[in-house]
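Me: I should like to understand how the terms used for a protein model are justified. Could the reasoning be set out step by step?

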Amino acid sequence: MQAQNHKWISFFSFLLFCASSIPTLEGTRLLQELSPKEYFSSFQAGRASLAYFSPKVSPGAQPFLEQIENSAEALQDYGISVVKVHCPKEDASRYCGKENALRKAYLFRGNVLIREFPTDALFDVNSIVANVLFALLFNEVKYVETLADLQNIENTLKGKSNMVFTYVPATGTAEHRAVMEAAFVYGTAHQFVLTTEAMLLKDSGNDDVSSAKMLFCHCQLVTDLSEPCRRTPMEQTLTLLNIHRHLKLMGAPLVTEVAEDPEKVSTIHLQLGLPLVFILSQKETYEADRRTAEFVAWRLLGKAGVALLSRDLLDLNILLRSNVALKTPEEGVPIKYLVLEDTDEVITLVEDKNKIEQIQEEEEEEEDEEDNKESSNQDIQDDQVVEAVSRDKKRELPLEKIRVLTEENFNSALLETTRTVVLFYASWEAVSLAVLQSYTEVADHLKGTEGLLLSGVNCWDWPGVCRMENVTQFPTIKIYEKGERSVVYSGMWGTEQLTSFIILSQVSCPLKLATIDEAERYLRGEFPSELSSYHHTSILGVFSAATGEAREAFEEAGNILSGHVTMGMYLEDDALALSHKYAVSPPAILLARSGGQSVEGIALAKENTQEMVQMIKYELLDAFPEITVQNLPHYLQLRKPFLILFSDGGIDQMESEEMMRKKTPVGRGILKAYFATIPSLPVLIWVNLHDGGQVFKFPPEQSITEMNILSWLEKLKAGLEIPSSTLSEEDWKPPLPAYDFLQMMETAEPSLHTSHQHGDTPSQSSPESLRGDSTIQEEPSQETKAEKVGSPGRDLRGTAPRLAAREKQGKRHSEL
């Protein structure tokens with residue numbers, strides 16, 4: 001409280017200094033009484049005086065004279081003398097004549113009459129000071145009656161000076177006096193405009209015309225005449241002290257950059273009893289954080305100060321996820337570091353003093369709930385992705401291996417390296433956070449890879465980037481080749497699958513081979529060198545000069561399947577010799593499995609690109625696969641019966657080493673759906689999901705041998721076997737549409753549109769629609785347009801890894 005008193009004492013000292021700096025008439029009394037001759041001979045050039053001419057005996061003028069005498073001290077502070085002129089009875093001059101007695105007061109500057117005042121307009125000290133200053137400051141204070149007049153003044157000020165626009169219900173009031181006294185001090189710095197027309201205030205967006213209002217119009221920042229001046233209202237009552245405080249705040253820097261301990265920071269806002277908001281920044285997103293701070297500062301102008309605090313310059317002992325700090329003017333109160341979702345929460349934080357405690361209580365409650373949450377919670381069990389995020393949310397991710405991309409550096413980053421991998425994600429969405437964890441593992445695995453950059457774009461922070469890159473769902477991974485096409489990833493989100501896609505996409509697809517030796521090495525998995533340690537199935541297309549259409553379809557199929565398979569192409573004069581070695585004729589493909597240990601030749605009869613894509617994907621299917629979530633849709637598309645071996649790992653003589661390594665715990669659930677009780681393993685099942693759903697079980701008394709299996713299959717074809725069970729005709733649907741992962745995989749299958757040029761026209765759905773920012777949808781109001789002076793951003797972009805927005809968490813695997 002003591003500090004607060006010092007602030008006001010400083011302000012009054014300032015006013016006294018202003019008053020003492022104004023020269024006055026030497027020997028002037030507060031109310032002078034002179035004769036007409038004495039008064040007119042005492043005029044000094046440039047000096048103002050207010051004179052009342054009265055006969056020596058005039059009882060009716062007594063109340064007015066009392067107010068004139070009371071105003072003398074206030075007017076003297078502004079260099080204006082107050083004089084009572086005694087008129088002789090015989091004096092019939094202009095000022096002393098009967099006609100004017102007791103009716104008027106006169107304002108002179110030197111010997112020039114400025115204005116005549118009816119005495120009934122000067123009814124108290126406020127009206128006298130207000131009207132006298134209003135008359136003297138006619139160049140500093142413009143009076144307007146129409147909207148056109150106001151707009152004309154505003155247009156002349158744009159790019160030059162700011163405007164202080166004030167509405168008072170009537171002149172001569174205390175508020176009118178306060179405005180005139182402020183104009184006397186600040187009139188050379190700002191253009192003051194006054195009106196008593198209520199409609200002008202309503203046109204400015206304020207329907208409350210019952211009391212005086214002041215708007216500070218930031219016209220100096222506007223260079224386009226079509227743009228209005230942003231207006232900041234003064235929310236306090238119009239007193240000289242409040243006006244001075246408001247104008248000081250309007251003149252303070254919009255955003256202060258801080259490079260010292262925030263505990264030691266002091267700004268004009270703290271000195272005037274207002275809080276200071278710190279936006280925590282980092283070098284990667286400095287420009288965006290600066291715009292965010294400016295946007296917040298515009299919203300809080302006159303209510304709080306805003307500073308940009310860099311994490312990189314200071315070793316702050318705070319949580320990494322904290323993105324906002326609040327310093328209050330009270331001495332001894334520590335700075336509070338908080339995690340806020342968006343700028344609206346910052347505004348609420350300042351406007352609602354109870355919000356700080358509420359946020360801290362909510363965070364503590366959330367942490368307690370998470371710590372006490374049991375693993376049997378149904379909501380988490382329903383979605384394994386959410387479970388993983390909930391389980392690992394407190395684990396710090398090594399995000400330093402991932403380059404943060406923003407609106408400023410996105411395009412330039414794509415040109416820095418040969419290939420740039422970009423993860424487009426939403427910081428609040430469960431799947432995005434799960435994929436982000438896998439992505440950091442991929443970044444660790446591929447660190448040091450020459451010509452490869454792994455980066456990420458938070459579409460919640462940068463919707464414009466995601467819209468321009470045609471990102472229509474979260475998460476999305478795209479690989480950009482410098483100055484060329486981009487490839488969209490549509491596989492599983494595990495670390496192994498992501499790594500495989502990135503490695504495969506580094507190689508041209510199809511890879512053009514120049515010699516027989518390169519082709520043979522390619523089939524053995526030795527060429528190119530970057531894939532020599534990577535086990536994969538290689539596809540080599542062999543073409544002659546006469547097979548142009550098939551070759552073109554093969555090349556287009558390679559573009560579509562880039563990153564998913566390895567495809568080579570041999571088109572030389574000796575291509576015929578290579579194809580003859582594997583008993584095929586061009587056009588043909590050679591399929592090399594297990595590092596070239598077996599090479600299968602397949603004639604190419606398809607010349608349609610899409611059909612060739614489907615054929616290649618079919619040929620890549622294993623003859624004896626383990627069914628997984630990833631490959632099940634491909635096998636279902638064949639619409640063939642399934643011959644399934646359910647194993648507990650105890651029949652290694654019938655399974656390959658790879659099959660032994662993998663296990664599918666879901667198999668027991670399938671057997672439970674097939675039979676009332678789970679049979680002893682191993683068990684061989686034949687089921688046709690596409691025709692009646694009949695389930696046949698291989699006779700348990702027979703050993704599983706090739707001869708017995710073939711004999712059993714012949715009986716099935718002849719209809720001699722009785723099904724063990726029949727599956728229900730009820731559709732097998734996911735519990736919720738958001739869990740229809742097979743449909744998502746089907747939609748995300750590589751197609752003719754997975755590769756496109758950087759910056760293609762986006763679809764109508766965009767990440768911007770997810771942000772819940774209603775101002776994007778609204779017609780731009782005058783205030784909204786004016787905000788362009790500050791910043792377009794409304795989110796705490798990039799300031800820290802933010803928590804998921806509470807109102808958005810219910811959306812799972814959301815399409816935009």
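The following exchange concerns a predicted model, and takes up one helix and one sheet.

Me: What makes the span of helix H26 close to the expected one?

Reply: H26 covers residues 706-718, which is 13 residues. At 1.5 Å a residue, 18 Å is expected, and the helix reaches 19 Å from its first C-alpha to its last. The span is therefore close to the expected value.

Me: Why are the buried residues of H26 said to line one face of the helix?

Reply: The residues concerned are Ile709, Trp712 and Leu716; buried here means under 20% relative accessible area. Viewed down the axis of H26, they fall within an arc of 65 degrees, so they line one face. They pack against strands E26 (642-646), E27 (683-687) and E28 (694-697).

Me: Which residues on the other side of H26 are called exposed, and by what cut-off?

Reply: Glu706, Met707, Glu714, Lys717 and Ala718 are exposed, a word that requires over 50% relative accessible area.

Me: Why are E21 and E25 called edge strands?

Reply: The open sheet has five strands in the order E21-E23-E22-E24-E25, with mixed pairing. Strand E21 (511-513) and strand E25 (598-603) each pair on one side only, and are the edge strands. Neighbouring strands of this sheet are turned by 25 degrees against each other on average, direction ignored.

Me: How do you know that E22 and E24 pair?

Reply: Pairing requires at least two bridges. Strand E22 (residues 538-542) and strand E24 (residues 588-593) are joined by five bridges in the antiparallel sense, so the requirement is met. Valine 542, for instance, has alanine 588 in E24 as its bridge partner.

Notes:
Residues are numbered from 1 along each chain as its sequence is written. This is a predicted model: local features need pLDDT of at least 70, side-chain atom pairs count only at pLDDT 80 or more; totals for chains, interfaces and linings use all residues. Side-chain values use heavy atoms; hydrogens and water are left out. Helices (H or I, at least four residues) and strands (E, at least two) are DSSP runs, numbered from the N terminus. Buried means under 20% relative accessible area, exposed over 50%, partly exposed in between (1.4 Å probe, protein chains only). The arc is that of the directions from the helix axis to the C-beta atoms. Contact means heavy atoms within 4.5 Å. Axes are lines fitted to C-alpha atoms, for helices over the stretch in contact, and angles run from 0 to 180 degrees between N-to-C directions.
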